[in-house]
There are 2 protein chains.
Amino acid sequence: MTVAPFSFRLLHTDQTSAARRGVFSTPHGDVQMPAFMPVATQASVKGLEIEQVRACGAEMVLGNTYHLALRPGEEVVAALGGLHRFMGWTGPILTDSGGFQLFSLAHRIEVTEEQAVFRSHIDGRLVALSPERAVAIQELLGSDVAMVLDHVVGLPNDAETIRDATERTVRWARRCQDAAKRADQTLFAIVQGGLDAELRVACARQLREMDFAGYAIGGLSVGEEPAEMLRMLEATVPELPADRPRYLMGVGRPEDLVEAVARGIDLFDCVMPTRNGRNAMAFTDAGTLRLRNAQYERDERPLEEGCPCPACRRSRGYLRHLFMANEMLGPILLSIDNLTYYQRLLADARQAIEADRFAEFRREKLAGWAKKPMS
Amino acid sequence: MTVAPFSFRLLHTDQTSAARRGVFSTPHGDVQMPAFMPVATQASVKGLEIEQVRACGAEMVLGNTYHLALRPGEEVVAALGGLHRFMGWTGPILTDSGGFQLFSLAHRIEVTEEQAVFRSHIDGRLVALSPERAVAIQELLGSDVAMVLDHVVGLPNDAETIRDATERTVRWARRCQDAAKRADQTLFAIVQGGLDAELRVACARQLREMDFAGYAIGGLSVGEEPAEMLRMLEATVPELPADRPRYLMGVGRPEDLVEAVARGIDLFDCVMPTRNGRNAMAFTDAGTLRLRNAQYERDERPLEEGCPCPACRRSRGYLRHLFMANEMLGPILLSIDNLTYYQRLLADARQAIEADRFAEFRREKLAGWAKKPMS
């Protein structure tokens, strides 16, 4: 019997919200959803040895096509056995397409119907990225899930610019689909449309007709109000097929994840746990801790009681000392703690969905975080 | 039956050299000697989670009294349970006394018979360190082995300055011994004397009469020729009691360790494996590799075949990429590899001593390293 290399099984839908419990299967293993992917931009989750990433509870990681294509180059990654072997991650990998980095990192970008041309943020050299090229790079990287190249624009923006970029995103999605060749890699589409619900719905409907293995919602969490983002999810998610995973790109804070899961999102990625960890901020069920604060100097408690991560086998006082003394281990341990926190949050969310009590879970979590505002 | 909290058992002396195989017992466990201690200057082996330090094979680590007294302060470490609990290391810990850092780091130091007064390298504030204070700090830190405060001077230097500092080191050793109160901490003396063999011998004889639990040789590896250092070992070691561990402070390169073991040294510490690792240099049996070199771009091989460390589960090409992309994981993985290399070297040295073939082991190692000069 031949088993399809990719499948999404919907195990249960919560009775108190739109939250879903699913399993996404890939050639490199299963991902329990809703799931959070640590970000390994340059084939490394910053500061973590790969076994530490696994120990945080992660099942799937994200690599950035834009960064890896510029350095070391996809040919080098392929020569060294592909991204899994290169970085030593044996589980599933999703690569983004570079669309978001074109918008956020590249210099002097010019987008035509054919392709985007930009200057590298590393050395200023001129680089071109077309839908076909984005697929070819990701095929050389060998990720399990490749993303279509989308045209991301800043918000707020004029309606015409957003509409034009959204329509181009749909045409580029088709070109990516036509270009994709690897049987052991699948392609997710990306819904764009700024903060225009009608445009998001139209985009989602067109992409749905093209029958992708998964659907992402992109171009959000770029500075808009959280309520605006949730409004876009509420408009878009019902237009996506129920039997495919739904991925909210680049989001976000713990409360954003919980709100998005409540609206039917299955997959997330974000640099926040590692980036904030490097800046001495720890996420807990009672809000965030800023470890440089003098109040922690002699604090014997762990960051959070019951957390099994190595940072929580130390005292807050020790962690503060590491930051005050500029020791690398401070950023490392807080990155591990925050990634573990995100994985624990998603694991608890999955349990809550199975028990049909996600609405209650959401209330509890938001109440805990409200004690100290997340930032 | 009461067991003495500290003991040194000489298991075997090599028949082909003066190399010794011993076991040093402490309240936090045994140390197989000859041994190498990773340096945890500020209660952290730079870049490594404590379980990674253990996995490298280390049994004992070193903490720096000077650094910890300035930041976070020994009172803070004591309030957080002492150095073992603070940093999560359950094995033996040795703390130095600050003598070497006064010489190498402190600003505007003034040494009188009573004490050293200096300005902190962190914030310029005036600090005093006497023998009694060095012991009191180390007792608060709670290390297993404390070092006496020694008076270190730069080399080359005039004979009178070196003699004066050496004689003061002996007087200060006595004051440290008189000040020490903790039954679960022992004190090692430090032989000084610059590059004057007679002075070293006289210093060793005086300290030997005071009956310390261990003897260190200090003030070496500060810029002199390696042959000069070995000449000092050859003069000093025969003056030290055979039934006490001998510790060569701050040394060194792999070949220095092998040459010193051949002359009867039992214990080492050095920042070289971690510092050089952070600078992209890997130690191997065939000499050093500089991982930024373009030749490693597509090199699929591990740093060293047969090394069990996590860095050697990746390719040289991946490690090079991490350094070129400024990823923290590059320094982390090379630090782990180098510490593992040092521990493997010492483990192999212990086996060679047990088999009475240390001279042969020394020749083999030096021949391998000579292929590429160590640096």
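Visitor: Which residue of E16(A) is the bridge partner of A:Ala282?

Guide: The partner is A:Leu289. This is a predicted model, in which local features need pLDDT of at least 70, side-chain atom pairs count only at pLDDT 80 or more, and totals for chains, interfaces and linings use all residues. Residues are numbered from 1 along each chain as its sequence is written, chains are lettered from A and ligands numbered from 1 in the order in which they are written, and side-chain values use heavy atoms, with hydrogens and water left out.

Visitor: What makes E15(A) and E16(A) a pair of strands?

Guide: Strands are DSSP runs (E, at least two residues), as helices are (H or I, at least four), numbered from the N terminus. Two strands pair if DSSP finds at least two bridges between them. Strand E15 (residues 281-284) and strand E16 (residues 287-290) of chain A have 4 bridges in the antiparallel sense, so the requirement is met. With 2 residues between them, E15(A) and E16(A) form a hairpin.

Visitor: Which strands of the open sheet in chain B are its edge strands?

Guide: The sheet has 3 strands in the order E7-E8-E9, with antiparallel pairing. Strand E7 (107-111) and strand E9 (126-129) are the edges, as each pairs on one side only. Strand E8 (residues 116-119) is joined to E9(B) by 4 bridges, and B:Phe118 stands opposite B:Val127.

Visitor: Why is the pair of B:Phe283 and B:Tyr342 called edge-to-face, and what is the pair of A:Phe358 and A:Phe361 called?

Guide: Rings of Phe, Tyr and Trp (its six-membered ring) pair if their centres lie within 6.5 Å; planes under 30 degrees apart count as stacked, over 60 as edge-to-face and the rest as tilted. The search of the whole structure finds 18 aromatic pairs over all chains. A:Phe358 and A:Phe361 have their centres 5.4 Å apart and their planes at 40°, and the pair is tilted. These two residues lie in helix H14 (residues 358-370) of chain A, 3 residues apart, about one turn of the helix. For B:Phe283 and B:Tyr342 the centres are 5.5 Å apart and the planes at 70°, so this pair is edge-to-face. The pair links distant parts of the chain, with B:Phe283 in strand E15 (residues 281-284) and B:Tyr342 in helix H13 (residues 329-354) of chain B, 59 residues apart.

Visitor: How do you know whether B:Phe283, B:Tyr342 and B:Thr186 are buried or exposed?

Guide: Buried means under 20% relative accessible area, exposed over 50%, and partly exposed in between (1.4 Å probe, protein chains only). B:Phe283 has 1%, B:Tyr342 has 0% and B:Thr186 has 14%, so each of them counts as buried. B:Thr186, in strand E11 (residues 186-191) of chain B, has contacts (heavy atoms within 4.5 Å) that include B:Phe6 and B:Asp144.

Visitor: What makes helix H12 of chain B mostly covered?

Guide: In H12(B) (residues 316-324), 8 of its 9 residues are buried, among them B:Tyr318 and B:Phe323. The elements they pack against include helix H2 (65-70) and helix H4 (82-87) of chain A, and helix H11 (272-278) of chain B.

Visitor: How do you know which axis relates chain A to chain B?

Guide: A rotation of 180° with 0.0 Å of shift along its axis superposes chain A on chain B, at an RMSD of 0.0 Å. That is the relation of a two-fold axis. The superposition is by least squares on the C-alpha atoms of residues with pLDDT of at least 70 in both copies. The copies meet through the same surface, because 100% of the interface residues of chain A are also interface residues in chain B.

Methods
Lists of a residue's contacts leave out its neighbours within four places in sequence.
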